[in-house]
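Visitor: I am new to protein structures, and I would like to go through one slowly, with the reasoning spelled out at each step. Could you show it to me?

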Amino acid sequence: MNNVYSAVVVPDNTPTVVNGITVPARSAYSLKGLIIWCKADCIIEIKKNVDTIGGGLVTGSVQTLHIDFSASPIGLEAADVITVIATQDDTLTPPASYEVRSTLLVEQL
């Protein structure tokens, strides 16, 4: 498993899972980062199991967010769950459904 791509439509004002993985038991992995694109203003959260480990903001003027953990990758063990959640900020973007595309950068050790 390397680099998990996803494209999901996110409705306004609704936290939506836009990408994620459950680590298989066959080997150790590390999370190296996330690249996410959207035309709308979205708040992005990255969770490992239940803990928030990162996030940021995608805006209409800065439509790509790159979160880089490569200098200090996050170790992943069997059954760990990584979830990427996007919530559209409808106070900044006209309310509608917008597509969010993302790639989790994952490396097998």
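The questions and answers below deal with charged pairs, a proline and two cysteines.

Visitor: Before we look at single pairs, how many salt bridges does a search of the whole structure find?

Guide: Please keep in mind that this is a predicted model. A salt bridge needs a side-chain nitrogen of Lys or Arg within 4 Å of a carboxyl oxygen of Asp or Glu. One pair found is Glu99 with Arg101, whose side chains meet at 2.9 Å, N to O. For the whole structure, the search gives a number of salt bridges equal to 4.

Visitor: Which residue does Glu107 meet in a salt bridge?

Guide: The side chain of Glu107 has a salt-bridge partner at 3.2 Å, N to O, and that partner is Lys32. Glu107 belongs to strand E9 (residues 98-108) and Lys32 to strand E3 (residues 29-37), so the pair ties together parts that are 75 residues apart in sequence. Glu107 is partly exposed, with a relative accessible area of 34%, and its partner, which is also partly exposed at 24% relative accessibility, is Lys32.

Visitor: Is Asp80 buried or exposed?

Guide: Asp80 forms a salt bridge with Lys48, at 3.9 Å from N to O. Asp80 sits in the loop between strand E7 (74-76) and strand E8 (81-88), while Lys48 is in strand E4 (residues 42-48), so the pair joins parts that are 32 residues apart in sequence. Buried means under 20% relative accessible area, and the value for Asp80 is 11%, so Asp80 is buried.

Visitor: How far apart in space are Pro73 and Tyr29, C-alpha to C-alpha?

Guide: Pro73 is found in the loop between strand E6 (64-68) and E7, and it is partly exposed, with a relative accessible area of 36%. Leaving aside residues up to four places away in sequence, Pro73 touches Ser30, Leu31 and Lys32. Pro73 and Tyr29 are 44 residues apart in sequence, and their distance in space, C-alpha to C-alpha, is 9.5 Å.

Visitor: Why is the sulfur of Cys38 not bonded to the closest cysteine sulfur, in Cys42?

Guide: Cys38 is buried, with a relative accessible area of 4%, and Cys42 is buried as well, at 1% relative accessibility. A disulfide requires a pair of cysteine sulfur atoms within 2.5 Å, and the search of the whole structure finds 0 disulfides. The sulfur of Cys38 is too far from the one in Cys42 for a bond, because the distance between them is 3.9 Å.

How values were computed:
Residues are numbered from 1 along each chain as its sequence is written. This is a predicted model: local features need pLDDT of at least 70, side-chain atom pairs count only at pLDDT 80 or more; totals for chains, interfaces and linings use all residues. Side-chain values use heavy atoms; hydrogens and water are left out. Helices (H or I, at least four residues) and strands (E, at least two) are DSSP runs, numbered from the N terminus. Buried means under 20% relative accessible area, exposed over 50%, partly exposed in between (1.4 Å probe, protein chains only). Contact means heavy atoms within 4.5 Å.
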